[in-house]
Amino acid sequence: MKYYISLFQKIKEYYKTQSTNESEIPLICPSLRVYNNEEMNLLLPQMLIDETLKGEAFLKKQDISFQLNSIPSSDKYWDVNPSNTLFDAYGKIIEVKQVEAEQIKETEHLDANKILYDDKGKPTKEKKAYDKYLPLFDKLITEWEEHVAKYNGLTTDDEKQVWLTKLNNILLRKEKLIVDHKLLGHKELIENAMSKINKLDGLDLFLANLMNSRNIMENSAKTGLQSLETFHDINFIPYDFMSNKNGWIKLTIDKKELDELYERAKVQKDDFPKEIITIDYDEKNILGIELEFSIVTLQRSWFSLSSLVSSFFKWTEAKSISDGETISNDFLLPAFPKKMFLIQNLKINIDPTVSANVVSDINQLISFGPIIMKSQLFVNSNNNVSFIKAVRNKETLRSNNVKYYSDKAEINKVETTNPVAAPVATPVTASPHIAVTPIRMARPIMSAKPVMAARTMDVSRTAMKSAVLGNPALFKPVIITTINIGNLTTIVVNIKDSITKQAIYKSEISIIGINNSFFKEIESNKEGSTEIKLPVGNYKVIIVKDGYSVFEEELKIENQNTISKEYSLNPESVNYDSFFLIGMVCEKLPKIPN
C-alpha cells in the first residue's frame, strides 16, 4: 500500500490547494472500487441517458447509487458503509416534523401583517406615519450629500464658515427627524414587523426545501421504479468526465517524490488507518507511476445541507445527527460524500532489468495497493521505459478467480518464499474487493440496503489488519502448489476487425478459468496478436476494445499442443473506460444540538 498511499497523498495535497472549506476531509479508499463508463452514465439525470432504464440496468444504477451515497464511518478512510447511507439518514431527518418552525410561520406572520395592514389590505395609521417620515429622511440625506460635495469649491474662510453653519443646521434637522421618525412615525414597530416578514421568507424557503426532499423520498417509496430514477440521479461536475479529457489532469510521479509523499503521509498518520500507514517497505523495482486523475463533484437535487444547518431547524430525537468533530456510526449524519478522487490509465514504471518472463509468471498476482495489475510487460517505444498496466475488466475483477488468488496471497504470505527467478522486492497488498452489482428485487428506497456492502466492509477491515512480509515481492507466487510451467499450452491469438480485416492494436484480452482458479489479462500488439500460456482446462475469453462490441467465447484446452485462435471484433460505437475510486471528499456537518 506504500505507493498507493503516496498517490492519494499527492491528489489530496493538490485538492487542498483548490479548496478553502475547512469542513471538507479527503478520505482514502483502501479497497478496490472500479466503475466503468456505462455504470457512471446510469447515474446521470434521466434526460441525459440515451435509453430508458429497466430491469438489470436499473438495479445496477440503484446499487452504484447506494455505494456513492455511503456515509463514512471513520475519519481516516471511506468505503461502502452498509449501516448508514445518505438516503436513510437524510430520510429519517426530514421525516421529523419541524413543528416549531411551522408554528412560527403561522403566528408571527399573522401578527406582523396586522401591524402593517388592516383587514381590507390598506396600510394602518402606524404604517402611514412611517411612510410619511421615510421620504423626508431620504430628502434630508440627499441635501446633506450635496452640501458636503460643495466644500471642495470653497476658497475663502467666510465661505467655509457659512458652509459649516449650514452643515450644523442640516445635522440638527437630521437628529430631530430621527426622533420624530421613532416617536411619531412608529419606526421601531414597523421595522420589526418588516424584519419578521423578511425572516419568514427564509423560513418559507427552509420549509419548502424540506418538503421538496420529503416528497421525492415518499413518492419513491410508494410508486415504484419510475420515480426511483430521480431519487438515484447524481449530477456530476464535470458532468462529461466519462466522455472527454477536459476534466482529467495528467500526473507523473517519480520514485523520489513517491518516497517523499509517503514520508509526509506518515507524519500525517492521523489522516490514515493505522493498519495502512504502518505498512512500510522498499518498493525498489517501481521507478515511478503515470496516470490521469479527476476530482468529480457529486450533486443531489433532493439533498439540502442548508436546511440542516438553518437556525429554524430543530432536532429532538435520541440519536444525534452530528457533533461537528467525530465521524462514526454513533451519529446519524456526521459527514456526507461530496467529491470523488478518480484515476484512470494507471501505468507503473518498473526496473528495466526485470524480464517479461518474471512479470508474466503464471503463479503470481501483481497489485498496486488494492489495484490488480496485468501480468504483461509493456515497453514505451519512445523512451524504452518498461511498465505494467491495471486490469480494468470488471468481470475479471469480480470473479472468484481473482478472489482466490487474493485470499491465497494473504493466507500464504509467511509460508511462501520468493522464487529464484524473481530478484525483486516490493509489496504484497491487502486483498482487493470490487463494487459488485447483485441482482435483487426492487424495494422502497428508505429501507433498501446494498446486499454486497456488509461482506465488503468486513473483508476490507480484515485485509487492512493483515501483517505484511518483512521482505515481500512485487512478483511473488501466491499459491503453495504452483502450476508447472512446463505443462502449459501455448495459445497464439490474432484479433482483427470483422469488416476491414485489419489487425486491432491494444485489444484487452481477459481469460477466466471455468474449472480452475486461473485468470489473466493481456493486450494484443500492433499486429493484433499475442501469445498466452495456459494450463489444461476450460476458459472464458473476453475481448474488449473501444469502438467494438465485447467478444466472448469459451476456450477448451485438452493437451499441450499449440493452439492458434483468430477472433473478429464487430465495430460498435462504445467506450469501455474504467475509473478507479481511490478516495472520497466528505464534508463534516457542524454540531447540530439536540
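# A briefing on rings, a pocket and two helices

Phe66, Phe87, Tyr90, Trp302, Phe303 and Phe336 form one aromatic cluster. Keep in mind as you explore that this is a predicted model. The points below go through its aromatic pairs, then a pocket, then two helices.

**Aromatic rings**

- The model has a count of 20 aromatic pairs. A pair of aromatic rings is described by how far apart the centres are and by the angle of the planes.
- One of these pairs joins phenylalanine 8 and phenylalanine 341, whose ring centres are 5.9 Å apart. Their planes meet at 50°, and because an angle over 60 would be needed for edge-to-face and one under 30 for stacked, this pair counts as tilted.
- Where do the two partners sit? Phenylalanine 8 belongs to helix α1 (residues 2-18) and phenylalanine 341 to strand β6, so the pair ties together parts that are 333 residues apart in sequence.
- Phenylalanine 8 has a relative accessible area of 1%, so this residue is buried. Phenylalanine 341 is buried too, with a value of 0%.
- Tryptophan 302 and phenylalanine 303 make an edge-to-face pair, with 6.2 Å centre to centre and 70° between the planes. Both tryptophan 302 and phenylalanine 303 are buried, and both belong to the aromatic cluster named at the start.

**The second largest pocket**

- This pocket has a volume of about 780 Å³, and 29 residues line it.
- Which residues lie nearest its centre? They are Phe378, Lys389, Tyr505, Lys506 and Glu523.
- Strands β6 (335-350), β9 (378-379), β10 (386-389) and β14 (529-534) are the elements that each give two or more residues to the lining.
- By type, the lining residues divide into twelve charged, nine nonpolar and eight polar.
- Two of the residues nearest the centre, Phe378 and Lys389, also meet as a charge over a ring: lysine 389 lies over the face of phenylalanine 378, at 4.7 Å from the ring centre.

**Two helices**

- Helix α7 (residues 157-183) has 27 residues and reaches 39 Å from its first C-alpha to its last, close to the 39 Å expected at 1.5 Å a residue.
- The buried residues of α7 are Trp163, Leu167, Ile170, Leu177, Asp180 and His181. An α-helix has 3.6 residues a turn, so residues three or four places apart point the same way.
- Asparagine 113 is found in helix α5 (residues 99-116). Is asparagine 113 buried, partly exposed or exposed? Its relative accessible area is 29%, so asparagine 113 is partly exposed.
- The C-alpha atoms of asparagine 113 and threonine 124 are separated by 9.9 Å, and these residues are eleven apart along the chain.

Methods: Residues numbered from 1 in each chain as written. Predicted model: local features only at pLDDT ≥ 70, side-chain atom pairs only at ≥ 80, totals over all residues. Heavy atoms only, no water. Helix = DSSP H or I, 4+ residues; strand = E, 2+ residues; numbered from the N terminus. Buried < 20%, exposed > 50% of the residue type's maximum accessible area, 1.4 Å probe, protein only. 1 Å grid on protein atoms, 1.4 Å probe; cavity = no way out; pocket = protein on both sides within 12 Å on 5 of 7 lines; lining within 4 Å. Points joined across faces, edges and corners; volume = space filled by probe spheres on them. Nonpolar A, V, L, I, M, F, W, Y, C, P; charged D, E, K, R; others polar. Expected span 1.5 Å × (residues − 1). Phe/Tyr/Trp six-rings, centres within 6.5 Å; stacked < 30°, edge-to-face > 60°. Lys NZ or Arg CZ within 6 Å of the ring centre and 35° of its normal.
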